[in-house]
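I opened my notebook beside the viewer today and jotted things down as I went. Here is the model I had on screen.

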Amino acid sequence: GVSGSGKSTLARDVLHDSLKAGGPVGCRTLKGRRLLERVLEVDQAPIGKTPRSCPATYVGFWDAIRRLFADTSEARIRGWGPSRFSFNTKGGRCDVCEGQGLKKIEMSFLPDVKVACEACNGLRFNGETLGAQLRGKSVGDVLAMSVDEAVEFFAAHPRIHHALRLLQDVGLGYLTLGQQSPTLSGGEAQRIKLVTELSRVRSDLPISGFGNREMSFKGAKTLYVLDEPTVGLHMADVEKLLRVLHRLVDAGNTVVVVEHNLDVIAEADWLIDLGPEGGDAGGKVVYQGPAE
């Protein structure tokens with residue numbers, strides 16, 4: 001539908017909010033709720049507001065990498081556990097930049113400037129911690145790796161490798177594992193959120209569903225709501241996004257997308273066209289059914 005025809009209102013304010021609330025919001029009745037375990041809006045908001053957040057921590061494979069470093073001979077001799085290799089806690093991180101790898105220089109009449117920390121050279125950890133090596137790489141070196149490089153480096157570690165391959169599949173192979181979240185674009189942040197969901201589809205991690213009932217992702221049926229996810233994306237990236245959405249659907253989930261892009265609309269199993277115009281002349285279902 002045209003701008004202002006009620007697409008976002010229907011998808012986010014009615015459908016998403018009704019499922020979250022467990023009853024009708026902005027509508028008279030809600031049917032089929034029992035077919036779903038949870039509902040999630042995947043928007044282009046940043047995945048983290050602090051420089052300490054990065055793709056590795058957000059997707060969730062950094063904990064597995066920390067355990068690998070804790071299992072190195074150097075770490076075992078010194079009695080270090082996985083927490084030693086966290087840049088969010090004291091002990092292993094660089095005390096000068098507090099694990100951020102950068103220092104902020106305040107400029108009186110100009111925007112603040114960020115420069116690499118001179119103590120750790122931007123590696124986020126102190127010299128002792130960097131002494132623990134995993135196949136010739138320190139924990140700081142691993143954070144500085146691109147996803148493409150890390151896919152080869154962690155090929156023998158299925159859980160880490162799976163998440164990295166997913167990041168590669170959505171066209172984010174150029175990102176470094178430790179890239180600070182505030183520097184990511186909206187499209188990059190949205191694809192990282194989708195990768196996080198895909199990485200969980202094959203596991204049995206407990207999640208909290210409707211009514212805080214615990215269940216496993218393996219059997220969970222999720223409704224994903226995306227509001228114009230292709231805004232600002234190159235055509236090649238749109239194709240990668242579509243592959244991710246198809247994988248979510250193939251895993252038994254449902255994806256509702258608000259969209260103007262005809263390539264995305266052509267991929268849909270079911271269309272709901274709102275209109276006929278915007279504003280007061282909108283809000284009606286003009287057509288619903290298959291694209292054909």
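The entries below go from the sheet to the helices, then to the pocket and a few backbone details.

**Entry 1: the model.** I noted before anything else that this is a predicted model.

**Entry 2: the sheet.** I began with the strands and asked in what order they form the open sheet. I found 3 strands, in the order β1-β6-β7, with parallel pairing. Next I looked at the edges, where β1 (38-41) and β7 (254-258) each have a single partner strand, so one side of each is left without a neighbour in the sheet. I also looked up the twist, which averages 15 degrees from one strand to the next.

**Entry 3: β6 and β7.** I then went to the pairing of β6, residues 222-227, with β7, and counted 5 bridges between these parallel strands. One detail I wrote down here is that Val225 stands opposite Val256 in β7.

**Entry 4: a helix on the sheet.** I wanted to know which strands helix α1 lies across. Helix α1 (residues 7-21) lies across β1, β6 and β7, and I have its direction at about 150 degrees to β6.

**Entry 5: α8 against α9.** I moved on to a helix pair, α8 (residues 158-169) and α9 (residues 186-201), which pack at an angle of about 140 degrees with axes 10 Å apart. I logged the crossing of α8 and α9 as right-handed. Which residues make the contact? On the α8 side I listed His162, Ala163, Leu166 and Leu167, and on the α9 side Ile192, Val195, Leu198 and Ser199. Sorted by class, the contact of α8 with α9 has 6 nonpolar and 2 polar residues, and no charged ones.

**Entry 6: the largest pocket.** I turned to the pockets and put the volume of the largest at about 1,300 Å³. Its lining has 40 residues, and the closest to the pocket centre are Val255, Val256, Val257, Trp270 and Ile272. Val256 was already in my notes as the residue opposite Val225. I asked which elements give two or more residues to this lining. They are α1, α10 (235-250), β7, α11 (262-267) and β8 (271-275). Of these, α1 gives the most, with 7 residues. By class, the lining of the largest pocket divides into 25 nonpolar, 8 polar and 7 charged residues.

**Entry 7: backbone details.** I checked the peptide bonds and marked the one from Gly275 to Pro276 as cis, with omega near 5 degrees. Pro276 is in the loop between β8 and β9 (284-289). I then looked for positive phi values outside glycine. Arg135 has a positive phi of about 50 degrees, and I placed Arg135 in the loop between α5 (127-130) and α6 (139-144). Glu228 also went on my list, with a positive phi near 50 degrees. Where is Glu228 found? I located Glu228 in the loop between β6 and α10.

Note on methods:
Residues are numbered from 1 along each chain as its sequence is written. This is a predicted model: local features need pLDDT of at least 70, side-chain atom pairs count only at pLDDT 80 or more; totals for chains, interfaces and linings use all residues. Side-chain values use heavy atoms; hydrogens and water are left out. Axes are lines fitted to C-alpha atoms, for helices over the stretch in contact, and angles run from 0 to 180 degrees between N-to-C directions. Helices (H or I, at least four residues) and strands (E, at least two) are DSSP runs, numbered from the N terminus. A crossing is left-handed if the near helix is turned anticlockwise from the far one by less than a right angle, and right-handed if clockwise. Contact means heavy atoms within 4.5 Å. Ala, Val, Leu, Ile, Met, Phe, Trp, Tyr, Cys and Pro count as nonpolar, Asp, Glu, Lys and Arg as charged, and the others, Gly among them, as polar. Two strands pair if DSSP finds at least two bridges between them. On a 1 Å grid over the protein atoms alone, a cavity is a set of points where a 1.4 Å probe fits but cannot get out, and a pocket is an open set with protein on both sides within 12 Å along at least five of seven lines; lining residues have an atom within 4 Å of a point. Grid points are joined across faces, edges and corners, and a volume is the space filled by probe spheres set on the points.
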